[in-house]
Amino acid sequence: MVTVAELTKKMIDFYEGNHEDIAHFLKVWAYARTIGQLENLDSDTQLTLEMAAVVHDISCPTCRRKYGDTAGNHQEAESEALLRDFLADSDLDEARKERIIFIVCHHHTYTGVEGLDWQILLEADYLVNASENPEKYLPGFDNFRKNVYKTKTGLAFLDSVFPHGSTVDQAGVI
C-alpha cells in the first residue's frame with residue numbers, strides 16, 4: 001500500500017516548487033500527525049488522517065488559476081476531481097480513498113463534523129492558517145476555539161501557539 005512518505009513525495013512534486021504550498025501542507029501534516037497520536041487514534045484512522053493532511057490543499061494551484069484565490073469553498077469544489085486523478089494509480093483501498101476525498105472536500109466545513117480524522121484535520125489546518133495569516137484568521141479565533149475545536153490536544157496546542165488568543169498588534173503579529 002502507498003505510504004504517507006510516498007504520498008508526501010508525490011505531493012511535493014505536484015506543487016512544482018511552490019515553497020509556500022509545500023511548507024503549508026507539511027506543517028498541517030505534522031500537527032495532524034501529532035494531534036492524532038496524542039489523541040490515541042487507532043492506526044487505520046491515523047493513516048487516513050495523515051494522508052488527508054498531505055493532500056488537503058491539492059486544489060490550491062487550480063483555484064489560484066481559476067478564481068484568483070484559494071477560498072475554502074473553491075478548494076472544496078475543485079478537490080474531488082483532482083484527488084481522483086492524483087490517487088488513481090495508488091493501491092489504496094476504496095473505502096480509505098473515498099474517506100480521504102470526503103475529508104479534503106470538506107476541510108473548510110466546520111459543522112456536522114463526523115470522525116476524528118476530519119476533526120483533527122480542521123484543527124491542524126486552522127493552527128497553520130492562523131500562524132501564516134493572523135490578520136485573516138485570528139479575528140474569528142474565539143468563535144473557532146469555542147465552536148470548532150473538540151480535541152483536548154488541539155485545544156492545548158491552540159492555547160500554546162496563541163497564548164494571547166485573538167490579540168493581534170497593528171503589524172499583524174501576535
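**Exercise 1. Place T151 and classify its exposure in this predicted model.**

Solution. Start with accessibility: T151 has 3% relative accessibility. The limit for buried is under 20%, so T151 counts as buried. Next, the position: T151 lies in the loop between α9 and α10. Then check the polar partner: the T151 side chain reaches the backbone nitrogen of G154 at 2.9 Å. Last, list the contacts, leaving out residues up to four places away in sequence: T151 touches I35, E39, L116, Q119, I120 and E123.

**Exercise 2. Classify the ring pair Y15 and F25, and locate both residues.**

Solution. The whole structure holds eleven aromatic pairs. For Y15 and F25, the ring centres are 6.0 Å apart and the planes are at 35°. Stacked requires under 30 degrees and edge-to-face over 60, so the pair Y15 and F25 is tilted. Now trace the chain: Y15 sits in the loop between α1 (4-14) and α2 (19-38), while F25 is in helix α2. The two are ten residues apart, and the pair links distant parts of the chain. For accessibility, Y15 is buried at 4%, and F25 is buried at 0%.

**Exercise 3. Repeat the analysis for F141 and F162.**

Solution. The centre-to-centre distance is 5.9 Å and the planes are 70° apart, and the F141 and F162 pair is edge-to-face. F141 belongs to helix α9 (residues 141-147), and F162 to the segment after α10 (152-161). With their positions 21 residues apart, the pair links distant parts of the chain. F141 has a relative accessible area of 3% and is buried. F162, at 2% relative accessibility, is buried.

**Exercise 4. Which residues form one aromatic cluster?**

Solution. The members are Y110, Y126, Y137, F144 and Y149.

**Exercise 5. Describe the surroundings of the K10 side chain.**

Solution. First the ring: the charged end of K10 sits over the ring of F86, 4.6 Å from the ring centre. Then the acid: K10 forms a salt bridge with D89, with the closest N and O atoms 2.9 Å apart. The salt bridge links distant parts of the chain, since D89 is in the loop between α5 (72-87) and α6 (94-104), K10 is in helix α1, and the two are 79 residues apart. Finally, exposure: K10 is partly exposed, with a relative accessible area of 28%, whereas D89 is exposed at 65%.

**Exercise 6. How many residues apart are K9 and D13, and how does that relate to the helix?**

Solution. Side chains of opposite charge can pair when their charged atoms come close. K9 and D13 form a salt bridge, the closest N and O atoms being 2.8 Å apart. Both residues are in helix α1, four residues apart, so about one helical turn separates them. K9 counts as exposed at 52% relative accessibility; D13, at 46%, counts as partly exposed.

**Exercise 7. Examine the salt bridge of R96 with D93, and place it in its network.**

Solution. The search gives a count of twelve salt bridges. In the one between R96 and D93, the closest N and O atoms are 4.0 Å apart. R96 has a relative accessible area of 7%, which means that R96 is buried. D93 is partly exposed, at 38%. To finish, extend the picture: a network of salt bridges links D44, D93 and R96.

Conventions
Residues are numbered from 1 along each chain as its sequence is written. This is a predicted model: local features need pLDDT of at least 70, side-chain atom pairs count only at pLDDT 80 or more; totals for chains, interfaces and linings use all residues. Side-chain values use heavy atoms; hydrogens and water are left out. Rings of Phe, Tyr and Trp (its six-membered ring) pair if their centres lie within 6.5 Å; planes under 30 degrees apart count as stacked, over 60 as edge-to-face and the rest as tilted. Buried means under 20% relative accessible area, exposed over 50%, partly exposed in between (1.4 Å probe, protein chains only). A charge sits over a ring if NZ of Lys or CZ of Arg is within 6 Å of the ring centre and within 35 degrees of the ring normal. A polar contact is a pair of N or O atoms within 3.5 Å; within protein, one must be able to donate a hydrogen and the other to accept it, and residues adjacent in sequence count only if both atoms are side-chain atoms. Contact means heavy atoms within 4.5 Å.
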